[in-house]
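Me: I've got a structure to go through and a few things to ask about it. Mind taking a look with me?

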Amino acid sequence: MTTVTLVCGKDGAFRSCEAAGHAGFAAKGSDIVCAAVTILLRTAADVLSGMDGVVVRANTAGRGELAFTVVRAAAEKTERLVCTADFLERGLRSLQSEYPQFVRLQKIVQ
């Protein structure tokens with residue numbers, strides 16, 4: 001199972017995300033559930049990394065692991081960070097709903 005932990009601020013702004021584990025829907029390299037989780041997370045990380053006024057630290061230590069954190073963000077970027085958190089939560093909840101035995105989303109509000 002792939003477990004994704006999404007951390008948001010009380011204002012709903014994205015703070016960090018970490019995914020670990022192989023979904024187990026199919027063999028590694030051909031698992032559509034893992035691919036779906038990966039594309040959601042990589043897209044969000046790429047968008048944040050390319051945003052002026054936002055500093056992101058990413059960890060892609062190995063296959064089956066992906067984590068990224070907003071280290072610093074300008075106050076005027078809060079709305080974009082909220083949108084990023086919403087994007088990830090909706091996409092991951094959709095996957096969890098369709099493949100409950102393969103994806104688990106944990107959302108933490110700090």
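Reply: Sure. One term before we start: helices are DSSP runs of H or I with at least four residues, numbered from the N terminus. Bear in mind that this is a predicted model.

Me: Which helix gives the most to the lining of the largest pocket?

Reply: That pocket holds about 480 Å³ of space, and 21 residues line it. E2, H1 and E4 each supply at least two residues of the lining. With six residues, the top contributor is H1.

Me: And how many charged residues are in that lining?

Reply: Closest to the centre of the largest pocket are Cys34, Thr38, Arg63, Gly64 and Glu65. Arg and Glu count as charged, while Thr and Gly count as polar. Over the lining as a whole there are seven nonpolar and nine polar residues, and the number of charged ones is five.

Me: Cys34 lines the pocket, so is Cys34 buried or exposed by relative accessible area?

Reply: The cut-off for buried is under 20% relative accessible area. Cys34 has 18%, so Cys34 is buried.

Me: How many disulfides does the structure hold?

Reply: A disulfide needs two cysteine sulfur atoms within 2.5 Å. For Cys17, the nearest cysteine sulfur belongs to Cys8 and is 8.8 Å away. For Cys34, the nearest one is that of Cys17, 14 Å away. Neither Cys17 nor Cys34 is in a disulfide, and the total for the structure is zero.

Me: What span should H2 have, and how far apart are its end C-alpha atoms?

Reply: H2 covers residues 78-98. At 1.5 Å a residue, its 21 residues should span 30 Å. That agrees with the model, because the end C-alpha atoms of H2 are apart by 30 Å.

Me: Is Thr84 buried or exposed, going by its relative accessibility?

Reply: Thr84 lies in H2. Beyond its neighbours within four places in sequence, Thr84 is in contact with Phe14, Ala44 and Leu48. Its relative accessibility is 8%, so Thr84 counts as buried.

Me: What do the buried residues of H2 pack against?

Reply: Those residues are Leu81, Thr84, Ala85, Leu88, Glu89, Gly91, Leu92 and Leu95. In an α-helix there are 3.6 residues a turn, so residues three or four places apart point the same way. The partners of the buried residues of H2 are helix H1 and strands E1, E2, E4 and E5.

Note on methods. Residues numbered from 1 in each chain as written. Predicted model: local features only at pLDDT ≥ 70, side-chain atom pairs only at ≥ 80, totals over all residues. Heavy atoms only, no water. Buried < 20%, exposed > 50% of the residue type's maximum accessible area, 1.4 Å probe, protein only. Contact = heavy atoms within 4.5 Å. Expected span 1.5 Å × (residues − 1). 1 Å grid on protein atoms, 1.4 Å probe; cavity = no way out; pocket = protein on both sides within 12 Å on 5 of 7 lines; lining within 4 Å. Points joined across faces, edges and corners; volume = space filled by probe spheres on them.
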